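I opened the notebook to record, entry by entry, what I looked up in this chain. The coordinates come first and my notes follow.

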Amino acid sequence: MRSRAKQAVYSIGRQYDDDSLATTYLKACDDDFATCSTCARAWQIRADSYWQLVWKTSKRGEKVGRLGDFTWHSSDDCTLLSDRLKLIMEPYLHGVTVREVSYENSFEVQNQNSGKPLWEVTDLPVASVDVEATGARVTKQCSECGHKTYNFNAEMLLTVDRSSWHEWDLFTLDEFRLFFVTERVLSCIQQAIATNYRIRREAVIGDD
Ligand SMILES: [Zn+2]
């Protein structure tokens, strides 16, 4: 059989080294979460949780910085897209939830994204890591909730379990709740010269 190069996928996320960009976080109600009494892991128990988007503001009450094409918040498998980037990424935005987010346009620095609609991309389909092919193993499993801990490290090339991934352009991993995109989505974002993202990790889709 002819061997072929494995398909690369990438997780993208917050660009920490540029503080001229507006930043936000999600505020949720504590009552919407359950916590495992053994391992202290928290998970959401209400699907209709009310999440509030809190922007970093200056002393004068303006939102700090300018609005990037991506805005990341406390949830790494979710992002906000500028209106221009949402239009460009439209061919890839199926199988995920896209909803308009309301915000007040009070950014310190106005740019092409200010005042235009802002779109939240969430509910990414979930694939899983092929732990063995990645060269990792389970080091701990919680006796109460069953949550597994692995010995993943930054040197390991993550391999996505081929049978758990269904040609999704946008997805997350059960073990790494990051925002993963395929190579064609990454090149679409790069061609658009989108602002406020960086590649966090490269992974490959495993063999059948
Ligand atoms: Zn637990």
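Entry 1. In which loop is leucine 93 found? I located leucine 93 in the loop between α1 (83-89) and β8 (97-101), where helices (H or I, at least four residues) and strands (E, at least two) are DSSP runs numbered from the N terminus. I kept in mind that this is a predicted model, in which local features need pLDDT of at least 70, side-chain atom pairs count only at pLDDT 80 or more, and totals for chains, interfaces and linings use all residues. Residues are numbered from 1 along each chain as its sequence is written.

Entry 2. I then asked how leucine 93 is placed, buried or exposed or in between. Leucine 93 is partly exposed because 17 other C-beta atoms lie within 10 Å; a residue is buried if 20 or more other C-beta atoms lie within 10 Å of its own, exposed if 12 or fewer, and partly exposed in between, with C-beta atoms placed from the backbone. Leaving out residues up to four places away in sequence, I found that leucine 93 touches Val98 and Val121, a contact being two C-beta atoms, placed from the backbone, within 7 Å. I also noted that the C-alpha atoms of leucine 93 and leucine 170 are separated by 7.7 Å, although the two residues are 77 apart along the chain.

Entry 3. Leucine 170 led me to β14 (170-173), where leucine 170 stands opposite valine 181 in β15. The strands β14 and β15 pair in the antiparallel sense over 2 bridges, pairing being counted if DSSP finds at least two bridges between two strands, and a hairpin of 5 residues joins β14 to β15. On its other side I followed β15 (residues 179-182) to β1 (residues 8-13), which pairs with β15 in the antiparallel sense over 4 bridges, with valine 9 opposite threonine 182.

Entry 4. I looked up the whole sheet and found 6 strands in an open sheet with mixed pairing, in the order β10-β14-β15-β1-β16-β13. The strands β10 (126-127) and β13 stand at the edges with a single partner strand each, so one side of each is left without a neighbour in the sheet. The helix α3 lies across β1, β14 and β15 and runs at about 95 degrees to β15, as judged from axes fitted to C-alpha atoms, for helices over the stretch in contact, with angles from 0 to 180 degrees between N-to-C directions.

Entry 5. What covers the faces of β15? Phe179 and Val181 on one side and Phe180 and Thr182 on the other are all buried, and both faces are thereby covered. In a regular strand the side chains alternate between the two faces of the sheet. I found Phe180 and Val181 again, together with Leu81 and Leu170, among the residues with the most contacts inside the largest nonpolar core, which has 29 residues; such a core is a set of buried Ala, Val, Leu, Ile, Met, Phe, Trp, Tyr and Cys residues joined through C-beta atoms within 7 Å.

Entry 6. From Leu81 I turned to the other sheet I had marked, an open one of 4 strands with antiparallel pairing in the order β6-β7-β9-β8. The edge strands are β6 (70-72) and β8, each of which pairs on one side only. In this sheet, neighbouring strands are turned by 30 degrees against each other on average, direction ignored. I noted 4 bridges joining β7 (residues 79-82) to the antiparallel β9 (residues 118-122), and leucine 81 stands opposite tryptophan 119 in β9. The contacts of leucine 81, not counting residues up to four places away in sequence, include Phe70, Met89, Trp119 and Val121.

Entry 7. I checked two loop residues for their backbone angles. Most residues other than glycine have a negative phi. Glutamate 167, in the loop between β13 (158-160) and β14, has a positive phi of about 60 degrees although it is not a glycine, and counts as exposed because 9 C-beta neighbours lie inside 10 Å. Asparagine 196, in the loop between α3 (183-191) and β16 (198-205), has a positive phi near 70 degrees, and counts as buried because 25 C-beta neighbours lie inside 10 Å.

Entry 8. For the chain as a whole I recorded that buried residues make up 26% of its 208 residues.
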